[in-house]
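Biologist: Could you take me closely through the aromatic rings in this model, explaining your terms as you go?

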Amino acid sequence: ESSRPPFACDSSHPLTKSYPFCKPTLPINQRVQDLISRLTLDEKISQLVNSAPPIPRLGIPEYEWWSEALHGVAYFPTVHTGMSLNGTIQSATSFPQVILTAASFDVHLWYRIGQAIGREARAIYNAGQATGMTFWAPNINIFRDPRWGRGQETPGEDPVVTGKYAVSFVRGIQGDTFEGGKLGHHLQASACCKHFTAYDLDNWKGVNRFVFNAKVSLQDLADTYMPPFRSCIEEGKASGIMCAYNRVNGVPNCADYNLLSKTARAQWGFNGYITSDCDAVSIIHEEQGYAKLPEDAVADVLKAGMDVNCGNYLKNYTKSAVVKRKLPISEIDRALHNLFSVRMRLGLFDGNPLQQPFGKIGPDQVCSQEHQNLALEAARNSIVLLKNNYRLLPFSKAKTASLAVIGPNTNSAKTLLGNYAGPPCKTVTPLQGLQRYVKDITYHPGCNAVNCSYALTDQAVKVAKGAEYVVLVMGLDQTQEREELDRVDLVLSPKQQNLISIVARAAKNPVVLVLLSGGPVDISFAKYDKHIGSILWAGYPGEAGGLALAEIIFGDHNPGGRLPVTWYPQSFVKVPMTDMRMRPEPSSGYPGRTYRFYQGQKVFEFGYGLSYSNYSYEFLPVAQNTVYL
């Protein structure tokens, strides 16, 4: 029994055949209405939270709405989510963090990654290791400010690129074709566009995402913040939306009827469920003070069009909201209609799912060689060559006698994965990747950690002097940028920067600098240092990232990634992160944001990236010079 996936409408249940909601031949609308009509008020309310309990008398199992699959099926042993990797399946393919994959600018690659994640998710469910198939990904907020700790989760700063990423990933994970339009009623897995909307600040100088009121012009909403969500819904046909913690122009996203019901559902034709971010309903009363009472918060979100609460607020206060006549039961029924519709589209009310369309996806699909090869391909095609003076790279496989590899990110498997990652199939660190090419290789961490509070400069210099070539693997990690932690600087820690410069001067030949980071870093010092011949940005490149790096360094792959974000100078930190304006205001010295509007100095521009081959782009002249409206 434990290895059997949970589902409703089991043919062995005595009443299954008499329930219309168990008849797959009926329209889903009719089935859902029948199911809701059979529930008591307490049963209805119990289903409005992410950990929905079973309804044994109707043969309905528990359901967990919260699962993560940002760049691979994720698993957190200390958090109760719908996916578990502690049975016969104990790992899943870990693709590069999204900001790096975005650098490939390859919509078909994004689709294939989504497809692989959806297959692995369904395989884990089929193996009886899941209580949910709704994944809260992709994160399609605009990487508006380089300090944002979660920018690493996004496809970058451009609304069009972000929208195209959303469409490709969602079609892949849900089981649609690359071109779309073939989804029908059956979902392989359910994707969720998040965080709706204008959410791109976590915790900066005492301002946190729970209380932040994003003041956004209608123009910026229309041409920057909203287009990725529109694409995700209209073209991607995502079956989920997550409303964000923050307020926009004074209104909490999860309590905004115009946003959830009028825009997403009525204008864009959204067909699916809307979840709150975790505890986003409670903060509407407790931290934002927007709702006077807990029952007001509950009424506000359900009337706005939200369906399920990550947290317990709806479980605790919905009944008293009904009793106090703040909330009609029809709003609860509306929410349940959306929730049970998605569960039915996932095939969880059609009897044994192993006999359904996705029932043949077995455990051999998880960490398959095909998926591991795809993780390697994604890293290879996304890593960006930022500098290559003297044609230092690629190194010769035949003539490179010895190599020193120095830096705190050189041999850290964890750093490769970024955040929202599950246990990977296997990892290859940069050190392990380079060891495949050079026998005489020496490694030194250079620092005690990425923040380099204690630098081992003298030892690192000694190692560097003893080798023909030096590769420095530096940058950031999750201690420097992550959810709930925005940066206050755009530079590397002073001791890390100092270590790089001293080792570069001491080395026999110009050195290679590899940066692991999600957000952009002002590395002007390295850009103009003649002792640093080459610079590679590798994001957080996933389980095969070290091998992809080594293949590029030794010329088995020609790098072709392009930066999906502007790399700003350190002086940009003078701009308040709370200023949501995209366009510049020269009179006040406000420089604007992203390559579309920013008017200041850049370290590297959006779309920048070199290659080992020579190439040029040319825009063909357009004959037409008049546009008729």
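Modeller: A charge is said to sit over a ring if NZ of Lys or CZ of Arg is within 6 Å of the ring centre and within 35 degrees of the ring normal. The model is a predicted one, in which local features need pLDDT of at least 70 and side-chain atom pairs count only at pLDDT 80 or more, while totals for chains, interfaces and linings use all residues. Residues are numbered from 1 along each chain as its sequence is written, and side-chain values use heavy atoms, with hydrogens and water left out.

With that in mind, the charged end of lysine 194 is found over the ring of tyrosine 420, at 5.0 Å from the ring centre. Lysine 527 likewise lies over the face of phenylalanine 604, where the distance to the ring centre is 4.8 Å.

Turning from charges to rings that meet one another, there are 28 aromatic pairs in the structure (rings of Phe, Tyr and Trp, the last by its six-membered ring, with centres within 6.5 Å; planes under 30 degrees apart are stacked, over 60 edge-to-face and the rest tilted). One of them joins tyrosine 63 and tryptophan 65, which form an edge-to-face pair because their planes stand at 70 degrees, with the ring centres 4.8 Å apart. Tyrosine 63 counts as buried at 2% relative accessibility (buried is under 20% relative accessible area, exposed over 50% and partly exposed in between, with a 1.4 Å probe and protein chains only), and tryptophan 65 is buried too, at 1%.

Tyrosine 568 and tyrosine 598 also make an edge-to-face pair, with 4.8 Å from centre to centre and 70 degrees between the planes. This pair links distant parts of the chain, 30 residues apart, since tyrosine 568 belongs to the loop between α19 (545-553) and α20 (594-597), whereas tyrosine 598 falls in the segment after α20 (helices, H or I of at least four residues, and strands, E of at least two, are DSSP runs numbered from the N terminus). Tyrosine 568 and tyrosine 598 are both buried.

Elsewhere, Tyr19, Phe21, Phe340 and Phe349 gather into one aromatic cluster.

A further aromatic residue, Phe229, is buried in helix α7 (residues 227-234), as are Pro228, Ser231, Cys232 and Ile233. The elements that cover these buried residues of α7 include the helices α5 (159-174), α6 (218-225) and α8 (257-267), together with the strands β3 (192-196) and β7 (240-243), where contact means heavy atoms within 4.5 Å.
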